[in-house]
Amino acid sequence: MAFVITSPCIGEKAADCVEVCPVDAIHEGEEQYFIDPDTCIDCGACEPVCPVEAIFEEEMVPEDEKEFIQKNAEFFKG
Ligand code: SF4
């Protein structure tokens, strides 16, 4: 399990989450930030600081944002 960054981050990239993550799991992509599911320790620190409420616990990701679970994981592959 991990936290996941969803579509409101696209074009926003506020990066407040990067500052609070204790394990540097959040990395910058071209259009949005992503959370490395293998590094994330599920501390939850990033979720409340996101000004656009883009961050969800994996199980809480809204139905229409579920593709972002895969998108976050894929960013760190290869
Ligand atoms: Fe980092 Fe904690 Fe957010 Fe995971 S839940 S990305 S460890 S701040």
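In this predicted model, S7 is partly exposed, with 26% relative accessible area. The residue sits in the loop that runs between β1 and α1. Setting aside neighbours within four places in sequence, S7 makes contact with E65 and F68. A useful pair for orientation is S7 and A25, which are 18 residues apart in sequence, with their C-alpha atoms 18 Å apart in space.

The loop that holds S7 has further points of interest. K13 also has its place between β1 and α1, and its phi is near 45°, a positive value in a residue that is not glycine. A15 belongs to the loop between β1 and α1 as well; here phi is positive at about 70°, although A15 is not a glycine. As for solvent, K13 counts as partly exposed because its relative accessibility is 23%.

K13 leads on to the charged pairs. A search of the whole structure gives two salt bridges. In one of them, the side chain of K13 meets that of E28, with an N to O distance of 2.9 Å. This pair links distant parts of the chain: E28 lies in strand β2 (residues 26-28) and K13 in the loop between β1 (3-5) and α1 (16-20), 15 residues apart. Is E28 buried or exposed? At 51% relative accessibility, E28 counts as exposed, because the cut-off for that class is over 50%.

The salt bridge between K71 and E67 has its closest N and O atoms 3.6 Å apart. Both residues belong to helix α3 (residues 67-75), and because they are four residues apart there, about one helical turn separates them. K71 has a relative accessibility of 36% and counts as partly exposed, and E67, at 48%, is also placed in the partly exposed class.

Attention then turns to the cysteines. How many disulfides does the model contain? The count comes to zero. C50 is in no disulfide, and the nearest cysteine sulfur, that of C17, is 6.6 Å away. That separation does not meet the criterion, because a disulfide requires the two sulfur atoms to be within 2.5 Å. C50 is buried, with a relative accessible area of 13%, whereas C43 is partly exposed at 44% relative accessibility.

C43 appears again around the ligand, where it is among the closest residues, together with C21, C40, G44 and C46. In total, 13 residues surround the ligand. By character, this shell divides into 11 nonpolar residues, one polar and one charged.

C46, one of the closest residues to the ligand, also has a place in the largest nonpolar core. This core has 16 residues, and those that touch the most other members are I5, I26, I35, C46 and I55. Two strands, β1 and β3 (33-35), are the elements that give two or more residues to the core. Which residues does I26 touch, not counting those up to four places away in sequence? The contacts of I26 are I5, C17, V18, C21, Y33, F34, I35 and C46. Two of these contacts, C21 and C46, are also among the residues closest to the ligand.

Terms used: Residues are numbered from 1 along each chain as its sequence is written. This is a predicted model: local features need pLDDT of at least 70, side-chain atom pairs count only at pLDDT 80 or more; totals for chains, interfaces and linings use all residues. Side-chain values use heavy atoms; hydrogens and water are left out. A salt bridge is a side-chain nitrogen of Lys or Arg within 4 Å of a carboxyl oxygen of Asp or Glu. Buried means under 20% relative accessible area, exposed over 50%, partly exposed in between (1.4 Å probe, protein chains only). A residue is near a molecule or strand if one of its heavy atoms lies within 4 Å of it. Ala, Val, Leu, Ile, Met, Phe, Trp, Tyr, Cys and Pro count as nonpolar, Asp, Glu, Lys and Arg as charged, and the others, Gly among them, as polar. A nonpolar core is a set of buried Ala, Val, Leu, Ile, Met, Phe, Trp, Tyr and Cys residues joined through side-chain atoms within 4.5 Å. Contact means heavy atoms within 4.5 Å.
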